[in-house]
Amino acid sequence: MTTALDRRRSPLAVVSDRLAATGSADTVTFAERPFRVQLEVRAGAMLRPGVLDDALGLHPPAEVGTVARRRERHVLCLAPSWWLVTDEPEREPRLECALAELVRTAGGIDVSAVDVSAQRTTIDVAGPSARDVLAHGCSLDLHPSAFTVDSCAQTTLAKAQVVLQQLDDAPTYRVHVRASFADYLAHWLLDAATEYVH
Amino acid sequence: MLSIPCPWCGDRDETEFRYGGEAEVAYPADPDAVDDPAWREYLFVRANPKGWFKERWVHTAGCRQWFTVHRHTVTYEIRDPQPIGEGAR
Ligand SMILES: [Zn+2]
């Protein structure tokens, strides 16, 4: 049976082939990771410690700009008491249900969990030139001494608001971008990569 | 361009922030008792020092938290970033 899930199109569907065909492992590669689950969780001091850990299956990092990971589940600390939780695409809203249950048990006090999966899409930028490509439009210091594996930041890339995350030492950067800016940013990335891939 | 130290994110470009004016301008304790000249004073009149000035900024493109800094209006030196508001923990 064809469901609504099968019919959905990512904001980068029209440019995903070009992204995939650009670059190589020894320069830079792009890959869209569409339809990842994304939830924004906010919880304050009144919430009993450990409750979030149980719902998420891992301990949310307290330090702004850091990431905790377990397999495909990533918990990014965006600000004090504010996390972006991402995971692989799922056909049933399991994570959302777990967090909704948490909010219910907490009586809704000092905690919220909102499904924002459709708000952003995800582009992985990887390879030896990835840092240089991003640096064309990002004022963050991405040198390993300042930004490293499991660092994250909300910032601007080519004037688009993004959440940037480093996944590994390749280096692979994950760019979470608003759906309405995704097409613009993808084209900007392709343009910024030109000098590295030809 | 200014480099502004966010208490949570560290040094970021000025373009990631919005300016929030002078810090610690207290809202009138009893608004109903305030007459027009006092409202004008509260709403529009601000210190305009040549030198150190305590002001509010919000990190709109980053963690979206409000904070205060001391900024020198001549040298643009910025120091002592401090969290304010509910998000401050
Ligand atoms: Zn910040």
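User: If contact means heavy atoms within 4.5 Å, how many residues does each chain bring to the contact between chain B and chain A?

Analyst: In this predicted model, 17 residues of chain A and 13 residues of chain B take part in the contact. The area that chain B and chain A bury between them is about 1,100 Å², with 45% of it on carbon and sulfur atoms. By class, the side of chain B that touches chain A is made up of 5 charged, 4 polar and 4 nonpolar residues.

User: How many salt bridges and how many residue pairs in polar contact are counted between the two chains?

Analyst: The count of salt bridges between chain B and chain A is 0, whereas 5 residue pairs, both members at pLDDT 80 or more, are in polar contact across the interface.

User: Why is there no bond between the sulfur of A:Cys138 and the closest cysteine sulfur?

Analyst: A disulfide needs a pair of cysteine sulfur atoms within 2.5 Å. The closest cysteine sulfur to that of A:Cys138 is in B:Cys9, and because the two are 12 Å apart, they are too far for a bond; over all chains the structure holds 0 disulfides. A:Cys138 counts as buried, at 8% relative accessibility, while B:Cys9, at 21%, counts as partly exposed.

User: What pattern does chain B follow along the sequence?

Analyst: Chain B, with 6 strands and 1 helix, reads β-β-β-α-β-β-β. Its C-alpha atoms fill a box of roughly 40 × 30 × 20 Å along the principal axes, and of the 89 residues in chain B, 34% are buried. Among the contacts in chain B with a separation of 6 or more, 46% come from residues 24 or more positions apart.

Key:
Residues are numbered from 1 along each chain as its sequence is written. Chains are lettered from A and ligands numbered from 1 in the order in which they are written. This is a predicted model: local features need pLDDT of at least 70, side-chain atom pairs count only at pLDDT 80 or more; totals for chains, interfaces and linings use all residues. Side-chain values use heavy atoms; hydrogens and water are left out. Contact means heavy atoms within 4.5 Å. Buried area is the accessible area (1.4 Å probe) that two parts lose on being put together, summed over both. A salt bridge is a side-chain nitrogen of Lys or Arg within 4 Å of a carboxyl oxygen of Asp or Glu. A polar contact is a pair of N or O atoms within 3.5 Å; within protein, one must be able to donate a hydrogen and the other to accept it, and residues adjacent in sequence count only if both atoms are side-chain atoms. Ala, Val, Leu, Ile, Met, Phe, Trp, Tyr, Cys and Pro count as nonpolar, Asp, Glu, Lys and Arg as charged, and the others, Gly among them, as polar. Buried means under 20% relative accessible area, exposed over 50%, partly exposed in between (1.4 Å probe, protein chains only). Helices (H or I, at least four residues) and strands (E, at least two) are DSSP runs, numbered from the N terminus.
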